[in-house]
Amino acid sequence: KNSIKAMEKELVTCSLQGKEKTALKRSQIFQIPGGKDLETKVIVVLGKAGMGKSILVQKICQDWSNGELSQFEFIFWFDYKQISLPEKRYSLKDLLLEFFVKPQEGSKEIFEYILQNPAKVLLVFDGFEGSHDHEHFPRCSASQPETDLCSVKELLSGLIKKKILNGCTLLLTARPKDKVYQHVSKVDKTIEIVGFSPQQRELYITKYFEGLPYCGNALKLIKESEYLFSHCYSPVMCRFVCFVCETVLEMGDKSLPSTLTTVFLKFVQQKIRPMQTDVTAVQNEEILATLARIAWCLGEKNQSAMKSDLLPSKEVKEFALKYGFFLPFVFPRHSDSGEEEFGTTFADFVIQNFLGALHLMLAEEIKDKSLTKYLSFPSKKKKLYNWLDLVPRFLAGLLFLQDDPYFCSFSSKDVNQSNKKKKTLLKYIRRLQINELCPEMLLELLHFIYETQSNYLLQHVALRLKPDLSFLGVVLTPPDVHVLHSTLKRSKEEFSLDLRNSSIDMQGLKVLVGLKNVASFRASLSDTVRLWKSLEQTKDYQLLRASTEKFVLDPFKAKTMKDVSDLSELVEMQKMMINCVQDASGRSSYEIPAIKNLRKLAFAMGPVHGLQGFLKLVEILAAFPSLQHLDLDALSENGIGDEGAKSLSEVFPILTSLETLNLSQNKITDVGAEKLATALPSLSSLKTLSLYNNSICDFGAENLAKVLPAMASLRVLDIQYNKITGVGAQQLTDSLRKCPHIKNLVMWNPTIPYGVLEHLQQLDSRISL
């Protein structure tokens, strides 16, 4: 089973919105295009707690020891929570050569070599989230890195700001919520580790139970518990679920706990019960209560480690180490002193969260009325950051387990106080304005309520959801999808979901879209097309038809080449669906409603790929019969130029529904204006045309003036901020007399003398300055 812990995480993804998930080799993590060799490079690896950041770091160290990553002669790896206690101070030499490695001889020479060759050094600070509570890093005052003592925060500040060991490579791991960027002004590369796919979860579970007689039963049992299987996307959670499943099968039971709270109650019980007698049971309860208090107190300070001599008793220390709640470690010692100091850290973040929740429930000093301030649903729109972010879920679960045999055997405390806290929680939930919660807080509430397994509360929340639920840009993990799905299923109302940029996996998208009361949804084009292709391959034509009917695309904005490629793939998808989706009369003609009903299409790709992307977009414009608004105006300026204008003009006859065409700020000259003018009359529905801020001169204005009378539907023409002189302005004005249908001509140009323009406006009041 030890080999399972070292299972390689395969997917490492860019966290920037709009980036696709991309598999990286570990060696690629350190490839920074355009990086200066003489400057410190900062790489940040993000991932939720338990996603495998520490395992990734271990694998990097293993790769290096096997002769890979040859650019580094030294790798130093630090567990940030162990070395960042506020009372500890080190010199850089202590940290490198006392904590990580202790050379028997030549320390001074080795350290001098490191100082002279920083580019050959990789420093890894694993668990950087421990510093998020500080608004700013303190200044590093270490002028002599060999001897000057500083806090770890000061040393890290000096490394990041290139005051110490400039030219080295820094690898920081942190949780996505942590405020890494307020400490690190310049990050050269950001990577995010994602969880196990469903296939990887099955592989992990199979490996865990490999060789055991109930291997097949274990996988079947876990998959049947959809909620627990969804949590197995997290490697750490998967390990806990497997442990509890192993316990259940060994005891002859046939069902798993239904919530995370009962999973961890079972886990703690199984750790303690085999060695427990009636006498030790009471002692264990008292020690657990002490550990729970420690977990909470450390968590409030955003810590999970402490010096061993600060533990309240030897019994608590031995109990915590014996049953695996704590892990020991050694602090780095100073070069001039020989004594080692020992520390302890919670073995796992989930255990600390669970014990912290246990403390809130059992502690007599925490009254029922003060309990709500520890929940994660503040009245403010922005959610307050909580380092022990699983505590509210565990607390809800524990408070609703008063009659559960797990709980009764776990604690002999008087339940009256817990009942009061439970009633307070119920009252708090009833008063919550659920339909006003932001998406992140709503998801937290759904998890919170799910742990209670209270039908009343589950129904209470389901009935108060607003019909339009947007999770735009909010990461939806498999457990998030499960609790959302189970809540929506309880409601009879119809819902509209926005799932764009939510990183939802295909299975999650499938189950949400498949709900009968989800009337419409928006999702990333690539995810949607991937789902439809999967449904087509499995011949699930019923869900395929239903999901295409629900999919909403309008309005669509193309900001990357991938957006245009995805849109092209959607058009291709329609051709495929003609063969597998029949209408009510049995005919095989079918239009995807999202394509048929697209009315506004915006294009904002910028100058680098603007023309290339636009030429590709023009190829598929004919597929959108209802397109009314084509907007090519972007702050970054697309710059489609004359070539883009020519390409667009060729498809004008097909765009029969187009009412608004915005070609502002696209570097179009007289050449492009002439091509446009020739084809503009074929836009039979065009009402508004904007050519604002291009490079059109009098020749272009003359060509536009010629065709204005033929554009019977046109109401507004904006041609200001071009290079038209009084000559071109006069031609446009003369043409305007023949165009009673035009309501407004916006014509101010810096090259038109003001007196001329004012005179023209007096001739025709439809001209705007």
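## Exercises: a parallel sheet and a buried threonine

Strand S14 (residues 600–603) and strand S15 (residues 629–631) run parallel and are joined by three bridges. Strands here are DSSP E runs of at least two residues, helices are H or I runs of at least four, both numbered from the N terminus, and two strands pair if DSSP finds at least two bridges between them. This is a predicted model, where local features need pLDDT of at least 70, side-chain atom pairs count only at pLDDT 80 or more, and totals for chains, interfaces and linings use all residues. Residues are numbered from 1 along each chain as its sequence is written, and side-chain values use heavy atoms, with hydrogens and water left out.

**Exercise 1.** Find the bridge partner of Leu601 in S15, then work out which strands stand at the edges of the sheet.

*Step 1.* Leu601 has Leu630 as its bridge partner in S15.

*Step 2.* Now zoom out: eight strands make an open sheet with parallel pairing, ordered S13-S14-S15-S16-S17-S18-S19-S20.

*Step 3.* Strand S13 (556–558) and strand S20 (767–768) are the edges; each has a single partner strand, so one side of each is left without a neighbour in the sheet.

**Exercise 2.** Describe the surroundings of Thr261.

*Step 1.* Place Thr261 in helix H11 (residues 260–272).

*Step 2.* Check exposure: Thr261 has a relative accessible area of 0%, so Thr261 is buried (under 20%; exposed is over 50%, partly exposed in between; 1.4 Å probe, protein chains only).

*Step 3.* List contacts (heavy atoms within 4.5 Å): leaving out residues up to four places away in sequence, Thr261 touches Phe354, Arg393, Phe394, Gly397, Leu398, Leu401 and Glu451.

*Step 4.* Take Gly397: 136 residues from Thr261 along the chain, with 5.5 Å between the C-alpha atoms.
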